[in-house]
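Okay everyone, thanks for coming. I'll put the structure up on the screen, and then we'll walk through it together.

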Amino acid sequence: MDVILCHQTVDFDALGSAIGLSRLKQGAKIVLTGGAHPAVKKFLALYRDEFDFMELRSITPEAIATIYIVDTQKSDRLGAAAEWFSLPNIQGIEVYDHHVDATSDIAVTKIHTEAVGAITTYITELLQDQDISLTPFEATAMELGIHVDTGSLTFEQTTPRDARAIAW
């Protein structure tokens, strides 16, 4: 089993990038590690059933092969799921993050850091490259991830890539 981890108190960028990554990594289960921002809670209250989420307590750690992490490089932001990193069955740990100045404290096998306003932007580009289409619910969650992390494309770290990702 492969899992996609969102940081605790999940925000829209973590949620949107995890949803997009789940389309790229077919069969990977999105695990919410605990808590959500208020707006994300409201969104999930309406649309949770549209996505393939698993609760942390429902995971059998010994069954995990690969761990994908979105929107963070820090193990302390992943709660109890960080304990999985040292399991002998783990074949790989990949991080997707847009915090390019951060230093990872996770022993990753691959790291994808992109200087964009939201990591959902990079995931969107990967989906485009593979010609993977989204459901309206997936597209909405991903667009919210970019909008929120870029201040609707007004924050200083916003790039033209973010605008193109929203347009797609």
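So, let's find Thr124: is this residue buried or exposed? In this predicted model, Thr124 has a relative accessible area of 3%. Buried means under 20%, so Thr124 counts as buried.

Where does Thr124 sit? You'll find it in helix α3, which covers residues 119-129. And what does Thr124 touch, if we skip its neighbours within four places in sequence? The contacts are Met142, Ile146, Ala165 and Trp168.

Now zoom out to the whole helix. Of the 11 residues of α3, 8 are buried, so the helix is largely enclosed by the rest of the structure. If you want to click through them, the buried ones are Ile119, Thr120, Thr121, Tyr122, Ile123, Thr124, Glu125 and Leu127. And what covers them? The cover includes helices α1 (12-24), α4 (136-150) and α5 (160-167), along with strands β5 (92-97) and β6 (110-113). One little detail before we leave: just after α3, Asp131 has a positive phi of about 55°.

Okay, over to the strands. Strand β1, residues 2-6, runs parallel to strand β2, residues 29-32, and 4 bridges join them. Look for Val3: across from it in β2 stands Lys29. Put α1 together with β1 and β2, and you have a right-handed β-α-β unit.

Then β2 pairs again, this time with strand β3, residues 53-55. Those two are parallel as well, with 3 bridges between them. Here Ile30 has Phe53 in β3 as its bridge partner. There's a right-handed β-α-β unit here too, made of β2, helix α2 (residues 38-47) and β3.

Last stop, the nonpolar inside. The largest nonpolar core has 29 residues, and the ones with the most contacts inside it are Ile4, Cys6, Leu15, Leu21, Ile30, Phe53 and Tyr96. Which elements give two or more residues to this core? They are β1, α1, β2, α2, β4 (66-70), α3 and α4. The biggest giver is α1, with 7 residues.

Let's take Leu21 from that core. Leaving aside neighbours within four places in sequence, Leu21 is in contact with Ile4, Tyr68, Val70, Tyr96 and Ile123. Remember Ile123? We met that residue among the buried ones in α3. Apart from this core lies another one, of 16 residues, including Val3, Ile59, Ile69 and Ala81.

Definitions and conventions:
Residues are numbered from 1 along each chain as its sequence is written. This is a predicted model: local features need pLDDT of at least 70, side-chain atom pairs count only at pLDDT 80 or more; totals for chains, interfaces and linings use all residues. Side-chain values use heavy atoms; hydrogens and water are left out. Helices (H or I, at least four residues) and strands (E, at least two) are DSSP runs, numbered from the N terminus. Buried means under 20% relative accessible area, exposed over 50%, partly exposed in between (1.4 Å probe, protein chains only). Contact means heavy atoms within 4.5 Å. Two strands pair if DSSP finds at least two bridges between them. A crossover is right-handed if, with the strands pointing away from the viewer, the path from the first strand over the helix to the second runs clockwise. A nonpolar core is a set of buried Ala, Val, Leu, Ile, Met, Phe, Trp, Tyr and Cys residues joined through side-chain atoms within 4.5 Å.
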